[in-house]
Amino acid sequence: MAESKGKVAIVGSGLIGSCWATLFVSAGYSVCLYDISTNQLETSKQTVLKNLQKLKSEGLSRGTTTLEEAPSRITTTMKLNEALAGAIYAQESTCEDVEFKKKIFAEVDRYASSEIILASSTSTIPASKFTEGLTHRSQCLVAHPVNPPLYLTLVEMVPAPWTDEKIMSNACEIMRSIGQEPVRLHHEVLGFAVNRLQYALLAEAWRLVGDNVLSPEDVDKVPIK
């Protein structure tokens, strides 16, 4: 088996966390899934393995990890310190609630090394809202995937005002190493980039229908045909 490219901690093993784990394992990283339920962790591990099989069958694998090698690349734990120990990168994928993210990042901060990259999958909450008081706040950023990340490669990379430049650059390189396409925002903005563009398109679609310029059916055809 080829040597691992490094350990990645996945904090929160739901749908998005499992997708992140799939991409990292496929690309040759070792992954440690962290959650608060053994049942959830086992479900996530099986989801990752099924995802890898599906990607392989579709010719969309992101790296050279074989299906036989994959199980040994995945570990699980209910202890956050174990998940973060020795990791070069951590991806948080928990609920979209700023108070909860403050709590989980405070716990992550307690066990983080001085080199690890600490990224959040949040789609709307700026990292400055939940990392300001952290010891390792300069290592924090948003890495927001477009759903479903197994098939859509775009990732919004959004720094907090205090995110270190080297951390941002290294995070973008890691995204490229797993086959994702990082789009780097220069600074935080409400809604980031993807949501702002989507909402602008949606608002115009409503106007075109409301002004009887197009039918709803024809509006749907415009961005996809």
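Leaving aside its neighbours within four places in sequence, which residues is Gly 14 in contact with? Asp 35 and Gln 40. Keep in mind that this is a predicted model.

Let me place that glycine. Gly 14 sits in a loop. Strand 1, residues 7-11, comes before that loop, and helix 1, residues 15-26, comes after. Is Gly 14 buried, exposed or partly exposed? Partly exposed, because its relative accessibility is 30%. Now look along the chain to Thr 94. Gly 14 and Thr 94 are separated by 80 residues in sequence. In space, their C-alpha atoms are 7.7 Å apart.

Next, Glu 156. Find strand 7, residues 154-159, and you have Glu 156. This glutamate is buried, yet it has no salt bridge. Which side chain of opposite charge is nearest? That is Arg 196, at 8.6 Å. A salt bridge needs 4 Å or less, so Arg 196 does not qualify.

What does the Glu 156 side chain reach instead? One partner is the side chain of His 144, in a polar contact at 2.6 Å. Another is the backbone nitrogen of Ala 193, also reached at 2.6 Å. Now the wider surroundings, again without neighbours within four places in sequence. Glu 156 is in contact with Val 142, Ala 143 and His 144. Val 183 is on the list too, and so are Phe 192, Ala 193 and Val 194.

On to the domains. The domain assignment gives domain 1 as 7-190 and domain 2 as 192-224. How far apart are their C-alpha centres? The answer is 32 Å. Domain 1 puts 14 residues into the contact, and domain 2 puts in five residues.

Last topic: cysteines. A disulfide is a covalent bond between the sulfur atoms of two cysteines. How many disulfides does the model have? Zero, with the cut-off set at 2.5 Å between sulfurs. Why is Cys 32 not bonded? Its closest cysteine sulfur belongs to Cys 19, and at 18 Å that is too far for a bond. Cys 140 is in no disulfide either. For Cys 140, the nearest cysteine sulfur is in Cys 172, 15 Å away.

Are these two cysteines buried or exposed? Cys 32 counts as buried, because its relative accessibility is 4%. Cys 140 is buried as well, with a relative accessible area of 1%.

To recap three points. Gly 14 is partly exposed. Glu 156 is buried without a salt bridge. The disulfide count is zero.

Conventions: Residues are numbered from 1 along each chain as its sequence is written. This is a predicted model: local features need pLDDT of at least 70, side-chain atom pairs count only at pLDDT 80 or more; totals for chains, interfaces and linings use all residues. Side-chain values use heavy atoms; hydrogens and water are left out. Buried means under 20% relative accessible area, exposed over 50%, partly exposed in between (1.4 Å probe, protein chains only). Helices (H or I, at least four residues) and strands (E, at least two) are DSSP runs, numbered from the N terminus. Lys and Arg count as positive and Asp and Glu as negative; His and the chain ends are not counted. A polar contact is a pair of N or O atoms within 3.5 Å; within protein, one must be able to donate a hydrogen and the other to accept it, and residues adjacent in sequence count only if both atoms are side-chain atoms. Contact means heavy atoms within 4.5 Å. Domain bounds come from an automatic or database domain assignment.
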